[in-house]
Amino acid sequence: MVLLISMLACAPAAAREAQTENADPYVMQEVFCRFPFAQVIPLDSLGGWGLIYADTYGKLHLLKSTPKGWKLEWELTNLGVKIRKFFVRDLDANGVPEIIIATVNGRILVYSTETYQNIWENLEDNFSSIQAIEVADIDADPQLELVYIADGRLYFVDGISKSKQWVSQQSFDAAEIIVGNVDKDPQPEIILNSGIIIDSRFFNVEIAWDKPFGDRIMLFDMNNDGIPEIVGEFADYSLRIYDVYARREVW
């Protein structure tokens, strides 16, 4: 809760007003989309919504917006370790989103947003760490996939069966993963912030850049040619832009 209060204290006046009974989820989303460990999410089909956030102690909290203020809807307090990243996505394409959690010590857990019960965990794995994770569609089937680096190996895991579709033999190191089609072939690429781009169909390394793309990365079509570029932000607040199709740094 301390984290939530401090984040709201830093928000502009328009966002602070959203704490009242007239809280607007769109205003809240504009505030919290800038923070990697907080998301505004829908809670029901009637327009209910909430704020889900992870704290520095490895706990996950879900607050529901009500006319009388914030109400604790659910919290997860027994992980015992910090959260690497979490997502609220419809992982298995059943029309209901799940809460997907990855911890720094190698656990991946999936919780139902309807019952808040744990519906899957990677118990068969014995990972010591997860360095990076993303949830995305990499093979054009209805369900999403888990794409993550655990103990230096890259894994693709099916969102329904939770079976491993592919495990790399090569070791990789990255702090962020994004998925997108950054060239002119039909399939998306797996982009590691460490400077590696992997084809999602043939699983080969398409590009191994001689330096990282950034500490944090995103995709955006900067030149409006229909193919997004990689935008990288570094710890010194500098930005770099990479055109993967042209295979050059453009800015």
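This note goes through some strands, buried residues, salt bridges and a surface patch of a predicted model.

1. Strand β6. Residues 98-103 make up strand β6, and six of the six are buried, so the strand is largely enclosed by the rest of the structure. Its side chains point in two directions: E98, I100 and A102 go one way, while I99, I101 and T103 go the other. Residues on both sides are buried.

2. Partners of β6. Strand β5, which covers residues 83-89, pairs with β6 in the antiparallel sense through six bridges. Within this pairing, R89 stands opposite E98. Strand β7, residues 108-112, also runs antiparallel to β6 and is joined to it by five bridges. Here A102 of β6 faces I108 of β7.

3. The turn between β6 and β7. These two strands form a hairpin, with four residues between them. One of the residues in the turn, G106, has a positive phi of about 105°.

4. The sheet β9 to β12. Four strands form an open sheet in the order β9-β10-β11-β12, and their pairing is antiparallel. Which strands stand at the edges? They are β9 (130-136) and β12 (164-167); each has a single partner strand, so one side of each is left without a neighbour in the sheet. From one strand to the next, the twist averages 15°.

5. Inside that sheet. Strand β10 (residues 145-150) pairs with strand β11 (residues 153-158) over six bridges, in the antiparallel sense. E145 is placed opposite D158 of β11.

6. Residue A132. This residue belongs to strand β9. Is A132 buried or exposed? Its relative accessible area is 2%, and the cut-off for buried is under 20%, so A132 counts as buried. Leaving out residues up to four places away in sequence, A132 touches V147, Y148, I149, A174, A175, E176 and I177. A132 and L192 are 60 residues apart in sequence, and their C-alpha atoms are 8.9 Å apart in space.

7. Residue W74. Strand β4 (residues 69-76) contains W74. With 12% relative accessibility, W74 counts as buried. Apart from neighbours within four places in sequence, W74 is in contact with L60, H61, L62, I99, Y111 and Y116. Of these, I99 is also one of the buried residues of β6. The C-alpha atoms of W74 and L63 are 7.2 Å apart, with the two positions 11 residues apart in sequence numbering.

8. Salt bridges in general. Side chains of opposite charge can pair when their charged atoms come close. How many salt bridges does a search of the whole structure find? The search gives five. The next points describe some of them.

9. R89 and E134. In this salt bridge the closest N and O atoms are 4.0 Å apart. R89 lies in strand β5 and E134 in strand β9, so the pair ties together parts that are 45 residues apart in sequence. The two residues also have separate accessibility values: R89 is partly exposed at 30% relative accessibility, whereas E134 is buried at 12%.

10. R107 and E121. The side chains of R107 and E121 form a salt bridge, at 2.9 Å from N to O. Why does this pair tie together parts that are 14 residues apart in sequence? The reason is one of placement, because R107 lies in the loop between β6 and β7 and E121 lies in strand β8 (residues 118-121). R107 is partly exposed, and its relative accessible area is 25%.

11. E249 and K211. The closest N and O atoms of this salt bridge are 3.1 Å apart. E249 is in strand β20 (residues 248-249) and K211 is in the loop between β16 (205-208) and β17, so the pair ties together parts 38 residues apart in sequence. E249 counts as partly exposed with a relative accessible area of 31%, and K211 counts as partly exposed at 31% relative accessibility.

12. A nonpolar patch. Which residues form a nonpolar patch on the surface? They are M218, F220 and M222, and together they have about 310 Å² of accessible area. F220 lies in strand β17, which covers residues 216-220. With 47% relative accessibility, F220 counts as partly exposed.

Note on methods: Residues are numbered from 1 along each chain as its sequence is written. This is a predicted model: local features need pLDDT of at least 70, side-chain atom pairs count only at pLDDT 80 or more; totals for chains, interfaces and linings use all residues. Side-chain values use heavy atoms; hydrogens and water are left out. Two strands pair if DSSP finds at least two bridges between them. Axes are lines fitted to C-alpha atoms, for helices over the stretch in contact, and angles run from 0 to 180 degrees between N-to-C directions. Patches are made of residues with over 30% relative accessible area and no salt bridge: like charges are joined within 9 Å, nonpolar side chains (Val, Leu, Ile, Met, Phe, Trp, Tyr) within 5 Å. Accessible areas come from the Shrake-Rupley method with a 1.4 Å probe; for residues, only the protein chains shown count as cover. Buried means under 20% relative accessible area, exposed over 50%, partly exposed in between (1.4 Å probe, protein chains only). Contact means heavy atoms within 4.5 Å.
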